[in-house]
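Okay, thanks everyone, I'll keep this short. Let me put the sequence and the structure up, and then we'll talk about cysteines and empty space.

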Amino acid sequence: MERNIRNVMAVIDFIESHLCEKLELETVAKGVQYSKYHLHRMFAETVGLTIHDYVRRRQLTEAAKLLVFSDKPILEIALSAGYESQQSFTDSFKAMYKKSPGAYRAEKAFYPLQLRYILQENQISLKENRWQEKIVLATEEDIPQWMELVHLVIDGFPHLDEQEYLGQLEMYIKNGWALILKNRDTAVGIMALQEQTGSIDFFGVHPQYRNCGITKAFCDKALHELTQAAQLSVTTFRAGDKADTGYRQIWKSLGFTQAELLVEFGYPTQRFILPKPEHLTVQAEKLETGEYA
């Protein structure tokens with residue numbers, strides 16, 4: 001595993017050094033001297049994204065930055081992002097940012113789709129059955145580690161304004177609404193939750209700790225130990241959104257069910273809910289007695 005992480009770190013270094021070029025899997029494989037089939041599997045297993053998706057999201061992020069912070073023509077930005085025409089760039093940009101490059105530039109509000117992945121070379125394994133007991137309330141001292149993880153999971157949070165988010169984070173910590181799971185000095189899981197409503201306002205798991213039961217442990221901790229609400233709720237991508245890297249499926253796999261469609265900060269989302277088990281039992285009993293008829 002550690003060898004794979006070192007190899008993927010080298011791949012990321014290569015990609016970041018060639019973001020202004022058209023980067024196909026075969027190009028990257030040749031650049032780092034790996035079999036493209038082995039590279040594809042190793043990268044996806046470690047990062048949670050294919051090389052194609054990681055490259056596209058990184059290039060569009062850098063293009064969005066140029067749209068806001070430079071006066072370069074859109075065609076020049078498109079070419080520097082590895083696209084062969086302005087139209088193909090516009091189509092890809094709209095699929096991810098939900099607006100044209102011109103409209104995005106006019107709003108002058110940059111937010112990243114994907115920041116560079118910084119991986120842990122010396123990953124330490126924790127026993128899965130101890131996740132929940134190791135989740136604790138975050139403190140102000142945890143903010144640097146918290147924000148490092150925010151940067152790694154930025155793909156799940158369209159339109160995130162980091163300065164505004166920091167102010168909100170301090171409020172969550174002060175109120176005891178911020179949960180964190182750390183492995184030594186690294187945050188591997190974070191959750192910001194409104195205690196009264198059960199609304200999960202932010203959640204992230206370190207890419208190297210996916211599929212370890214951490215998401216379920218956080219939900220169980222929040223549902224049974226923190227919130228007094230009858231359910232948890234979270235907003236995520238709508239069905240078919242090409243910007244979704246798997247968040248919608250994660251919530252569904254944990255038993256969250258679809259609720260209303262929303263628009264947050266101009267971005268189309270959907271609310272998902274997870275009732276407490278005892279609340280589901282009460283609902284079932286009321287249905288049986290005809291109370292809801």
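So, cysteine 219: its sulfur has its closest cysteine sulfur in cysteine 212, and that's 15 Å away, too far for a bond. Keep in mind that we're looking at a predicted model here. Go from the other end, and the closest cysteine sulfur to cysteine 212 is the one in cysteine 219, again at 15 Å. A disulfide would need the two sulfurs within 2.5 Å. And yes, searching the whole structure turns up zero disulfides.

Are these two cysteines buried or exposed? Cysteine 219 is buried, at 4% relative accessibility. Cysteine 212 is partly exposed, with a relative accessible area of 22%.

Okay, on to the empty space. How many cavities of 30 Å³ or more does the whole structure have? Just one, and there's about 40 Å³ in there. Its lining splits into nine nonpolar residues, two charged and no polar. Among the lining residues you'll find Tyr111, Pro112 and Leu113, plus Phe157, Pro158, Phe237 and Tyr267, and also Arg57 and Asp155.

Now swing over to the second largest pocket, with about 260 Å³ of space. The lining there is an even split: four nonpolar, four polar and four charged. Which element gives the largest share of that lining? That's helix H4, residues 51-69, with four residues. The lining includes His52, Val55, Arg56 and Gln59, along with Lys22, Leu23 and Glu24, then the run from Ala81 through Gly82 and Tyr83 to Glu84, and Ser92 as well.

That's my bit, happy to take questions.

Note on methods. Residues are numbered from 1 along each chain as its sequence is written. This is a predicted model: local features need pLDDT of at least 70, side-chain atom pairs count only at pLDDT 80 or more; totals for chains, interfaces and linings use all residues. Side-chain values use heavy atoms; hydrogens and water are left out. On a 1 Å grid over the protein atoms alone, a cavity is a set of points where a 1.4 Å probe fits but cannot get out, and a pocket is an open set with protein on both sides within 12 Å along at least five of seven lines; lining residues have an atom within 4 Å of a point. Grid points are joined across faces, edges and corners, and a volume is the space filled by probe spheres set on the points. Helices (H or I, at least four residues) and strands (E, at least two) are DSSP runs, numbered from the N terminus. Ala, Val, Leu, Ile, Met, Phe, Trp, Tyr, Cys and Pro count as nonpolar, Asp, Glu, Lys and Arg as charged, and the others, Gly among them, as polar. Buried means under 20% relative accessible area, exposed over 50%, partly exposed in between (1.4 Å probe, protein chains only).
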